[in-house]
Amino acid sequence: MRTRVKICGITRRQDADFAADSGVDAIGLVFYPPSPRAISIAQAQNITSRLAPFVSTVALFVDPDPTEVSRCLDAVSIDIIQFHGDESPEFCSQFDTPYIKAIRMKPDTDLAKLATEYESASALLLDTYQPGLPGGTGTTFDWNLISQIGKPIILAGGLNTGNVADAIKQVRPFAVDVSGGVEREKGIKSHDKISAFMNEVENA
């Protein structure tokens, strides 16, 4: 099975277009103001207005107000929502839009229990736990903590051109999610790094 790729934290249209041209399956738009990669609805509209077909647009939120999510869905063409906070299954399910639930991995994380709890999620995204940071840590976690759960797994957390092939071979995830690993500075993607990352995924 081909491993899908999502590039998160897109802030510029040219980066989204290059990602699409490179074969990326999804781009992630961050609607979490504390993040250095956060964008406005107007920026999101510009980024997605002429995005190539068959590239999914993912909107990332962290413990948002429901009206904030609804306002984004009304204004931007969003295919799937990514909830990266402590949102309940009931909260995530209320928007009539497919969603991914991010899980910050700890040694005692019970993935099987969470997969049952978030049965309505399209996938679980597994990220690195770091106190005070909902994501974007730039560090990996122990991939041995991952168990097969009968639900698609999206692997995130510190992935880059140097480790993504090993990650795919060990975890065999449905998809990988990268942000900082393909950047030249926060929010600004390196096209060379995107190309190299995609080559590593293909080689794996």
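Contact means heavy atoms within 4.5 Å. The model is predicted: local features need pLDDT of at least 70, side-chain atom pairs count only at pLDDT 80 or more, and totals for chains, interfaces and linings use all residues. Residues are numbered from 1 along each chain as its sequence is written, and side-chain values use heavy atoms, with hydrogens and water left out.

**Exercise 1.** Place Asp63 and find what Asp63 touches.

Solution.
1. Locate Asp63. The residue sits in the loop between strand E3 (56-61) and helix H3 (66-75). Helices (H or I, at least four residues) and strands (E, at least two) are DSSP runs, numbered from the N terminus.
2. Check exposure. Asp63 has a relative accessible area of 44% and is partly exposed. Buried means under 20%, exposed over 50%, partly exposed in between (1.4 Å probe, protein chains only).
3. List contacts. Leaving out residues up to four places away in sequence, Asp63 touches Gly85, Asp86 and Glu87.
4. Compare sequence and space. Asp63 and Glu87 are 24 residues apart in sequence, yet 5.9 Å apart in space, C-alpha to C-alpha.
5. Look at atoms. A polar atom of the Asp63 side chain lies 2.7 Å from the backbone nitrogen of Asp86.

**Exercise 2.** Describe the faces of helix H7 (residues 191-203).

Solution.
1. Find the buried residues of H7: Ile194, Phe197, Met198 and Val201.
2. View H7 down its axis. The buried residues fall within an arc of 95°, so they line one face of the helix. The arc is that of the directions from the helix axis to the C-beta atoms.
3. Turn to the other side of H7. Asp192 and Asn203 are exposed there.
4. Name the cover. The buried residues of H7 are covered by elements including strand E1 (4-7) and helix H1 (13-21).

Note on methods: The expected span of a helix is 1.5 Å times one less than its number of residues. A polar contact is a pair of N or O atoms within 3.5 Å; within protein, one must be able to donate a hydrogen and the other to accept it, and residues adjacent in sequence count only if both atoms are side-chain atoms.
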